[in-house]
Amino acid sequence: MISIYDLNLEQLTQVLLDNGFKKYNATQVFQWLYRQKVSSFEEMSNLSKDLRNWLEENYSCEQLKIIQKQVSQDGTRKYLFELKDGSLIESVLMHYDYGNSICVTSQVGCNMACSFCASGLMKKKRDLTSGEMVLQVLDVQKDVEAEGIRVSHIVVMGIGEPFDNYDNVLNFCGIVNHDLGLGIGARHITISTCGLVDGIRRFADEHVQYNLAISLHAPNNELRSKIMPVNKAYPLEKLMDALKYYASQNNRRLSFEYILLKDINDTDDCLRQLIELTKDFDVYVNLIPYNTVDENGYSSTDYKTAMTFYDKLMSNHVRCTLRQKHGDDIDAACGQLRSKYERSH
Ligand code: SAH
């Protein structure tokens with residue numbers, strides 16, 4: 001049965017009209033789902049019995065099942081959810097000075113096989129539906145509501161490659177962004193891609209206000225192909241061309257994600273090449289301390305080298321942040337909780 005959370009307001013309006021209900025019924029249902037946050041059609045008390053029965057017969061209102069929750073000392077919360085087909089996915093809620101940001105999973109597993117990432121250890125089983133992404137946000141919001149916490153930002157940076165599940169991810173963004181949905185501002189929503197060029201070009205043409213982040217992680221083809229197989233299909237020249245196209249179509253600043261991997265991509269040469277690559281863009285570089293993944297041998301750059309990267313970028317007029325580590329004590333890196341859970345069960 002289709003989940004009611006898969007539908008955006010326009011789709012819901014259309015199916016209700018097609019079935020003899022009124023346009024305003026769609027608004028009512030949306031408000032029950034996202035304002036009142038009820039979890040059954042039965043609770044939608046201002047709908048007619050007919051409509052409630054019809055919804056019950058045609059749509060599911062089922063929530064995700066939280067099977068594990070970890071709260072880190074820094075307040076980061078990590079949720080392990082079970083989907084209807086038994087698949088496990090993760091979401092992480094992080095607290096920043098500007099708000100609370102949820103990291104949303106977009107696929108069960110991932111086919112991109114980046115060598116440093118725990119998600120790539122599990123091949124993609126399937127795409128998530130829009131509703132399964134919406135429910136990650138909604139269920140986490142419900143969980144923290146009593147503590148007065150509001151999820152204000154979304155990053156599609158959990159397990160999976162969002163542009164390998166393009167339609168569902170964009171539909172998800174539309175639902176959580178809608179005023180009558182969760183009302184999360186478009187500029188507070190970030191989609192992160194490892195560099196699927198076709199997706200970037202398509203996204204450029206949407207002219208939406210969501211932020212685009214690129215997982216760059218290496219500033220030359222040799223190294224990037226080594227640690228990110230996607231670079232073989234879409235080498236840096238193609239990626240940069242697509243980003244120039246994006247920049248020409250959208251007046252939005254890009255972000256480059258750059259995990260600092262000790263002795264791999266933190267050399268002077270890499271720093272020089274990274275500065276060179278940013279030249280043509282209004283870009284923000286996020287330097288990310290590496291979250292150790294048991295299975296793979298990489299370690300994080302030491303603090304001093306990380307600071308050198310930061311200082312050199314800044315002195316070359318490249319805006320950047322050296323991101324703080326979040327939730328290292330609770331396996332908050334992509335795919336870590338799930339892969340540990342699956343190994344122990
Ligand atoms: N496929 C998308 C989104 C998922 S990965 C993408 O590649 O952008 C989200 C971000 O987490 C990426 O920048 C990824 O490279 C990074 N990441 C993966 N494993 C990590 C780890 N162990 N420590 C820190 N960041 C990691």
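Which helix has an axis that comes within 11 Å of the axis of helix α10 (residues 268–278)? That partner is helix α11 (residues 303–315), and the two axes cross at roughly 35°. Before going on, some ground rules: this is a predicted model, where local features need pLDDT of at least 70, side-chain atom pairs count only at pLDDT 80 or more, and totals for chains, interfaces and linings use all residues. Residues are numbered from 1 along each chain as its sequence is written, and side-chain values use heavy atoms, with hydrogens and water left out.

**Two helix pairs**

Helices (H or I, at least four residues) and strands (E, at least two) are DSSP runs, numbered from the N terminus. Axes are lines fitted to C-alpha atoms, for helices over the stretch in contact, with angles from 0 to 180 degrees between N-to-C directions. Contact itself means heavy atoms within 4.5 Å.

The crossing of α10 and α11 is right-handed, that is, the near helix is turned clockwise from the far one by less than a right angle. Leu271, Leu274 and Ile275 of α10 meet Thr308, Phe309, Lys312 and Leu313 of α11.

Now for helix α5 (residues 166–177) and helix α6 (residues 197–206), which pack at about 35° with axes 12 Å apart. The crossing of α5 and α6 is right-handed too. Here Tyr166, Asp167 and Leu170 come from α5, while α6 brings Gly199, Arg202, Phe203 and Glu206.

The table sorts both contacts by class: Ala, Val, Leu, Ile, Met, Phe, Trp, Tyr, Cys and Pro count as nonpolar, Asp, Glu, Lys and Arg as charged, and the others, Gly among them, as polar.

| Helix pair | Nonpolar | Polar | Charged |
|---|---|---|---|
| α10 with α11 | five residues | one residue | one residue |
| α5 with α6 | three residues | one residue | three residues |

**Domains and cores**

The protein chain is assigned domain 1 (2–60) and domain 2 (65–344), with bounds that come from an automatic or database domain assignment. Their centres, taken over C-alpha atoms, are 33 Å apart. On the domain 1 side 17 residues take part in the contact, and on the domain 2 side 18 residues do.

A nonpolar core is a set of buried Ala, Val, Leu, Ile, Met, Phe, Trp, Tyr and Cys residues joined through side-chain atoms within 4.5 Å. The largest one has 107 residues, and Val137, Ile154, Phe172 and Leu243 touch the most other members. Each of the two domains gives this core at least three residues. Apart from it there is another core, of seven residues, including Tyr96 and Val155. Back to Ile154: beyond its neighbours within four places in sequence, its contacts include Ile102, Val104, Val137, Phe172 and His188.

**Two serines in strands**

Ser192 sits in strand β10 (residues 189–193), and Ser215 in strand β11 (residues 211–215). Ser192 counts as buried because its relative accessibility is 8%, where buried means under 20% relative accessible area, exposed over 50% and partly exposed in between (1.4 Å probe, protein chains only). Ser215 is buried as well, at 13%. Not counting residues up to four places away in sequence, Ser192 touches Ser215 and Glu257, among others. Ser215 also lies 8.5 Å from Ser255, C-alpha to C-alpha, with their positions 40 residues apart in sequence.

**Two unusual loop spots**

His207, in the loop between α6 and β11, is not a glycine yet has a positive phi of about 55°. His207 is partly exposed because its relative accessibility is 42%. Asp263, in the loop between β12 (254–260) and α10, has a positive phi near 60°, and counts as exposed at 60% relative accessibility.
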